Every structure is written in structure tokens, then in C-alpha cells.
Amino acid sequence: MASDSSHASPVVANRHHLGVVETHQREAEINKLFRAQIKMEASDLHLQVDKPPMMRIKGEIRELKMDPIGEQEMWDLFLPIMDDRNKEIMATTGGADFAHVVPYEGRNWRFRVNLLKQLGKPGLVARKVEQSIPPFEGLYLPPVMEDLCKFDQGMVLLAGVTGSGKSTTIASMLNWVNANYRKHLLTIEDPIEFVYTPDKCLINQREIGMDVIDFHVAMKHAVREDPDIMLVGEMRDRETFETAIHAAETGHLVFGTIHAPSAPGTIGRILDLFPQAMHSAIRASMGMNMKAIVGQKLLKTIVDKPSRVPIVEVMRFNPTVRKLVMEEEDQKLSSAIRLGKDEGMQLFNDSLYSFIQRELISPQAAFEISPNVEELKMMIKGIAVKASAIL
């Protein structure tokens with residue numbers, strides 16, 4: 001932030017003179033907004049300079065009836081919930097991610113906080129992490145999710161955009177493992193969202209910055225920590241994916257998330273992390289070690305509860321899918337998913353159709369996010385969609 005000293009100064013200037021009383025008052029002030037977020041059952045809190053606080057409630061952004069927040073006031077809200085590391089990261093990069101805990105009605109509520117700068121001014125987005133981890137049925141996930149927790153080794157990825165429920169789905173999967181297997185579960189997260197209560201599993205959760213300096217050091221340590229199952233968080237770069245796939249190759253079951261539009265589209269997203277010369281080797285590694293990719297979107301319902309449901313695409317790496325991935329025939333993966341219905345595979349349209357039939361979502365809302373609207377309309381009319389020849 002050296003090039004923007006006018007906006008950097010609140011961070012630097014306030015680092016060394018935050019008194020105890022002043023910190024407590026400021027902490028309480030921003031915590032009022034977090035508690036309001038809990039009361040209003042809002043998934044996200046948005047703070048932007050010169051605007052009142054906003055919250056996402058049942059999928060829609062709503063403005064609170066409060067005064068706009070000035071720039072200095074925004075910095076004053078942020079500083080008490082930032083440690084020295086995050087102040088430094090914010091000052092040098094213009095953004096910071098961390099977890100924040102707020103006591104409310106006898107419980108500690110966790111928030112995933114992202115600080116950012118836009119148009120040179122500070123802002124905040126905070127995602128409320130649910131207190132309990134619902135089972136698959138409570139999240140309206142398909143039964144096949146249980147099968148994806150039973151592998152001894154390999155990789156399972158959750159794909160989707162920000163806010164699509166990937167973290168909650170993975171938490172539900174790990175909690176199922178925790179309830180059913182006596183294994184060592186190790187998570188490496190930035191930041192930690194869900195805190196697991198050990199049941200049958202031994203659980204270690206490591207947060208980047210607080211418990212270990214960075215992801216790569218954490219992964220180096222991980223191989224010496226005897227894990228059976230690992231959560232490595234988000235596949236953000238080449239080194240992260242390489243490290244995670246190597247862990248899968250060496251006998252671990254690895255869970256992770258990735259920003260990708262669909263299960264088949266994840267293949268291209270992973271390849272984009274690598275130079276062209278490495279694509280064949282990466283395809284071979286995915287073919288050998290990937291067990292499943294689950295694509296997920298969230299869609300608002302037409303009922304009070306649940307307010308949103310996950311639209312899920314499931315691609316298991318059976319022999320057909322492995323062959324297509326290794327032979328660079330990604331365009332045929334959707335047909336392979338359709339052929340794999342008996343193995344629990346499904347396309348986004350299958351999920352949409354199921355929720356329409358159960359009268360949880362409207363056809364109009366489904367058409368807006370369907371990757372193939374005409375196909376979905378045929379399904380609603382009762383016209384079967386056949387898989388095209390893929391071999």
C-alpha cells in the first residue's frame with residue numbers, strides 16, 4: 001500500500017496506540033453488526049465506505065436502516081479484530097482473510113472475514129459459519145455423497161463459485177467420516193471455518209498464520225503427522241494442487257475445493273494452473289488419483305425452509321471418465337456422467353429436475369442457472385434424455 005499512503009495511514013498510524021479500553025469499545029462496536037447478522041439469519045455482512053451496512057438474507061442483498069459508514073470509521077471498526085499479521089497483509093496486499101469469533105447467547109459464533117480495498121477505500125465481507133454441521137439429508141445433498149467419503153486414498157474435489165456452499169458440503173462429509181471411522185483427520189485451512197468435535201476420529205486443525213507459517217510448510221509437516229484424511233482447503237495455484245495430488249498418490253484421502261463452473265469444467269480449470277507441456281502428465285495423474293468431482297451451486301427456494309438448496313453435479317472417476325480425461329476428450333464427460341447414473345452420478349439438470357419435482361424450486365429459477373435449458377424443459381415434459389455415444 002506504499003503507493004496509496006493516504007489510505008494506508010489509518011492502518012500504520014493506529015498500530016501502536018490502540019489502548020485496551022479503546023480496543024474493547026471498538027471490538028464491541030463491530031461485534032454489534034455480527035450479532036445483528038446472527039439475529040437476522042443473514043449469510044453475509046457487507047460493509048462499504050459511505051454506505052449503510054448490508055446483509056445477504058435468503059440470497060438477496062438488503063440495506064440496513066443505519067447511517068452510512070465513513071472511511072476513518074471503517075478503519076476504526078476493522079483494527080480491533082485484526083492481529084499484527086493481518087494488519088501487515090492488509091497494508092502490503094490490500095486485502096486479508098481471517099476467522100473472527102463472536103460470543104452470543106452462550107455460544108461462540110465464527111465468521112470468515114475478508115477485508116478488501118475497492119476504489120482505494122476499505123471494505124469488509126463476512127460470511128457467518130453455521131454453528132452445527134448438518135448431515136447430508138439436512139443439506140438436501142444426494143445419497144451418493146456418503147459413498148464419496150469411503151475411499152482409502154485419492155482426491156475428492158468440490159467445485160463451484162464463491163458462496164456456493166462448498167465449505168459446508170465438505171464439512172458435512174468430514175463430519176460423516178468423523179462419526180463412522182477411527183482415523184486421523186488433518187485439516188489445513190486459511191482460515192479455519194468449521195471446528196469439528198472429535199467423535200471416532202482423531203482431529204487436528206491447523207490454521208495458516210496462526211498455527212503454521214504457510215500452506216507449503218504445513219503440507220511438508222503433514223506427511224510426518226500420520227494423517228489418513230486431509231482437507232487442504234482451496235486449490236488456488238499450481239503448487240497447492242501438486243502438493244495435494246502427491247499426498248493422494250502416497251496413500252492419503254485428500255479433500256479440497258476449487259473455483260470452477262462445473263464438474264467437467266474442473267479438468268480445464270486445473271490444467272490452466274500448469275504450462276501446456278505438463279498437461280499430459282497432469283491428466284494422467286488425475287486419471288489415476290482423482291476419485292470424484294462434485295460441482296455445486298446454491299439456488300433460492302420457493303418455501304420458507306430450506307431457504308436455499310444445493311444444485312449438485314457428481315462426476316465419479318469410473319473407467320469411462322478416467323479414459324476420457326486421460327485421452328483429452330473432456331467434451332464427452334457430460335455424456336459419461338449421464339451413463340453413470342447407476343453409480344450415483346448426475347448432471348446439474350438432474351438435480352434441478354429433482355428439486356422442481358419436489359416443489360422446492362420454481363422452473364423459472366431453474367431455467368436461469370441451467371446449463372441446458374431445452375434439455376431441462378424436455379425432462380419436465382417427461383421426455384427422456386439419452387446419453388450420446390462416447391466410445
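Which residue in strand 11 stands opposite glutamate 234? In this predicted model, the partner is threonine 257. That pair is a handy place to start a walk through the structure.

Glutamate 234 belongs to strand 10, which covers residues 229-234, and threonine 257 sits in strand 11, residues 253-258. These two strands run parallel, and four bridges join them. Step back, and you will find both in an open sheet of seven strands, ordered 9-8-10-11-7-12-13, with mixed pairing. At the edges lie strand 9 (202-207) and strand 13 (308-316), each of which pairs on one side only. Going from one strand to the next, the sheet twists by an average of 15 degrees.

Now look for helix 8, made of residues 238-249, which packs on this sheet. Helix 8 touches strand 7 (154-159), strand 10, strand 11 and strand 12 (290-300). Its direction makes about 140 degrees with that of strand 7.

Next come the nonpolar cores. In soluble globular proteins, nonpolar side chains tend to be buried together. Here the largest nonpolar core has 42 residues, and those touching the most other members are Met155, Phe241, Ile267, Ile270, Met290, Ile293 and Met315. Helix 8 supplies the largest share of this core, with five residues.

Methionine 155 is a good one to zoom in on. Leaving aside residues up to four places away in sequence, methionine 155 touches Met235, Phe241, Ala244, Ile245, Ala248, Val254, Asn289, Met290, Lys291 and Ala292. A second core, separate from the one just described, holds 31 residues, among them Ile133, Leu139, Val177 and Val294.

How values were computed
Residues are numbered from 1 along each chain as its sequence is written. This is a predicted model: local features need pLDDT of at least 70, side-chain atom pairs count only at pLDDT 80 or more; totals for chains, interfaces and linings use all residues. Side-chain values use heavy atoms; hydrogens and water are left out. Two strands pair if DSSP finds at least two bridges between them. Axes are lines fitted to C-alpha atoms, for helices over the stretch in contact, and angles run from 0 to 180 degrees between N-to-C directions. Contact means heavy atoms within 4.5 Å. A nonpolar core is a set of buried Ala, Val, Leu, Ile, Met, Phe, Trp, Tyr and Cys residues joined through side-chain atoms within 4.5 Å. Buried means under 20% relative accessible area, exposed over 50%, partly exposed in between (1.4 Å probe, protein chains only).
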